[in-house]
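Open the structure in your viewer and keep the selection tool ready. Each stop below names something to select and then says what is there.

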Amino acid sequence: MENAGRGRVAAAARLVVKIGSSSLTTPSGTIDSDRVDALVDVLAARAGTGTQLVLVSSGAIAAGLGPLGLSARPRDLATQQAAASVGQGVLVARYTSSFARFGLRVGQVLLTADDMMRRSHHRNAQRTLIRLLELGIMPVVNENDTVATDEIRFGDNDRLAALVAHLIHADALVLLSDVDALYDGDPRRPGGARRIERVHGPADLAGVELGRSGRVGTGGMITKVEAARIATGAGVPVVLTAAAHAAQALAGQDVGTYFHADARHPGTRLLWLAHATTGRGRLHLDEGAVEAVVGRRMSLLPAGVTLVEGDFTAGDPVDLYSPLGTPVARGLVNFDAAEIPELLGRSTRELAAALGPEYERELIHRDDMVILEPTTESRSMRHV
């Protein structure tokens, strides 16, 4: 089964490859041309077989450190954005030059979390990426750090790579970093740790310690495992390994950690709702509503809501909270935030009689809702 699984990577007609900042830069923060060329050599060889490739590349902020005379990643947002502005040009110019050695052209695509949240932007990004692939162009995707705010800590592009893999219906996702695999502990400790060769589901990660980020990146093993969970939940297998093992990983060899894809996976809309959106507000539910929504997979009615928080409009994603203050679901709301307080605690029949037939409907329909299940470091998603 393991060989067959990794064989999906070797046979993939459309691949997403993500590379982290620390795998592209020198200790001083400048772009390491040799590392870039080594990665491009591998990707160009694979592209030469007819595989369509999308490269999700971190490194814009890191690439801007040297030109700005900074010795470490800045802590304040304004300087991060300035470094990204300088570094993004450096990064793409280097990729353009390196891929040109093989007669390959690249196209820069800068995205933010907001682009993935807004359905119109989401569809536009999908069309652009697929059209670039059809034209024989290799998209180089990065987060638009020059304008991002909270999204600038999006997870070192790991989650973005998983969403892109789903967006373009990729056959596999390869996450490359400075760590050669997922281990069941810190391999630097005395006695070492065991490499986890494959992951079939959450049970395989029980008790696994997930490390934090390094010097120039923003992610860490936590974000990589979360990215793998998103991608595999969408039916996309994932290989996590070091950049030095890129060729072996793309060839389906036994390197790194292989995450098996789920046999059943949600549609694009539900995956988008669970992983590419952020709740614009909160609806607090009573225990009966939590049981109805989570336990019986029913729509959310006004009678079960006790409190409304946030400023949102109809169609926005909102998070649903239990009486204990735990997020239990996310859905697309049918009313503006200002309208909802008047509806609370009342049945839809009562509301229709008092306010008109347009109020005889749910706050959130079950088809527009996903269940959020807390895990150790993240939340997985189930369709209501």
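**Stop 1: Ser177**

Select Ser177, which lies in strand β5, residues 172-177. The model you are looking at is predicted. Is Ser177 buried or exposed? Its relative accessibility is 5%, so Ser177 counts as buried. Now show its contacts, leaving out neighbours within four places in sequence. Ser177 is then in contact with Ser23, Lys224, Thr241, Ala242 and Ala243.

Ser177 also carries a label from a record. An unreviewed UniProt entry places the feature "binding site" at Lys18, Ser177, Asp178, Thr218, Gly219, Gly220, Met221, Ile222, Thr223 and Lys224. Colour these residues and keep the colour on. One of them, Thr223, has its place in helix α8.

**Stop 2: two helices side by side**

Select helix α7, residues 158-167, and helix α8, residues 221-233. Their axes are 8 Å apart, and the helices pack at an angle of about 15°. Why call them roughly parallel? Angles under 35 degrees count as roughly parallel, and therefore α7 and α8 are roughly parallel to each other. The crossing of α7 past α8 is right-handed.

Next, show the side chains where they meet. From α7, pick Asp158, Arg159, Ala162 and Leu163. From α8, pick Thr223, Lys224, Ala227, Ile230 and Ala231. The residues of this contact divide into five nonpolar, one polar and three charged.

Stay on α7. How many of its 10 residues are buried? Nine are, so this helix is mostly covered. The buried ones are Asp158, Leu160, Ala161, Ala162, Leu163, Val164, Ala165, His166 and Leu167. Move past the end of α7 to His169, whose phi is positive, near 60°.

**Stop 3: Asn157 and Ser58**

Go to Asn157, in the loop between β4 (138-143) and α7. Asn157 counts as buried, because its relative accessibility is 4%. Not counting residues up to four places away in sequence, Asn157 touches Lys18, Val56, Ser57, Ser58, Asn142 and Glu143.

Two of these names deserve a click. Lys18 is among the "binding site" residues of the unreviewed UniProt entry that you coloured at the start. Ser58 sits in the loop between β2 (52-57) and α3 (60-65). At 3% relative accessibility, Ser58 counts as buried. UniProt, in an unreviewed entry, also gives the annotation "binding site" to Ser58, Asp145 and Asn157.

**Stop 4: Leu250**

Select Leu250 in helix α9, residues 246-250. Leu250 is buried, with a relative accessible area of 5%. Which residues does Leu250 touch, not counting those up to four places away in sequence? They are Val9, Ala10, Leu15, Val17, Val42, Leu43, Arg46 and Val174. Draw a line between the C-alpha atoms of Leu250 and Ala10: the distance is 5.7 Å. In sequence, these two are 240 residues apart.

**Stop 5: Thr278**

Move to Thr278, in the loop between α10 (268-275) and β9 (281-285). Thr278 is partly exposed, with a relative accessible area of 46%. Then find Asp319. From C-alpha to C-alpha, Thr278 and Asp319 are 8.2 Å apart in space, with their positions 41 residues apart in sequence numbering.

**Last stop: the whole protein**

Zoom out. The protein has 12 helices and 14 strands. Of its 384 residues, 52% count as buried. Among contacts with a separation of 6 or more, 72% come from residues 24 or more positions apart.

Note on methods
Residues numbered from 1 in each chain as written. Predicted model: local features only at pLDDT ≥ 70, side-chain atom pairs only at ≥ 80, totals over all residues. Heavy atoms only, no water. Axes fitted to C-alpha atoms, helices over the stretch in contact; angles between N-to-C directions. Helix = DSSP H or I, 4+ residues; strand = E, 2+ residues; numbered from the N terminus. Parallel < 35°, antiparallel > 145°, perpendicular 65-115°, else oblique. Left-handed = near helix turned anticlockwise from the far one by under 90°. Contact = heavy atoms within 4.5 Å. Nonpolar A, V, L, I, M, F, W, Y, C, P; charged D, E, K, R; others polar. UniProt positions renumbered as here; feature names shortened; annotations may be inferred. Buried < 20%, exposed > 50% of the residue type's maximum accessible area, 1.4 Å probe, protein only.
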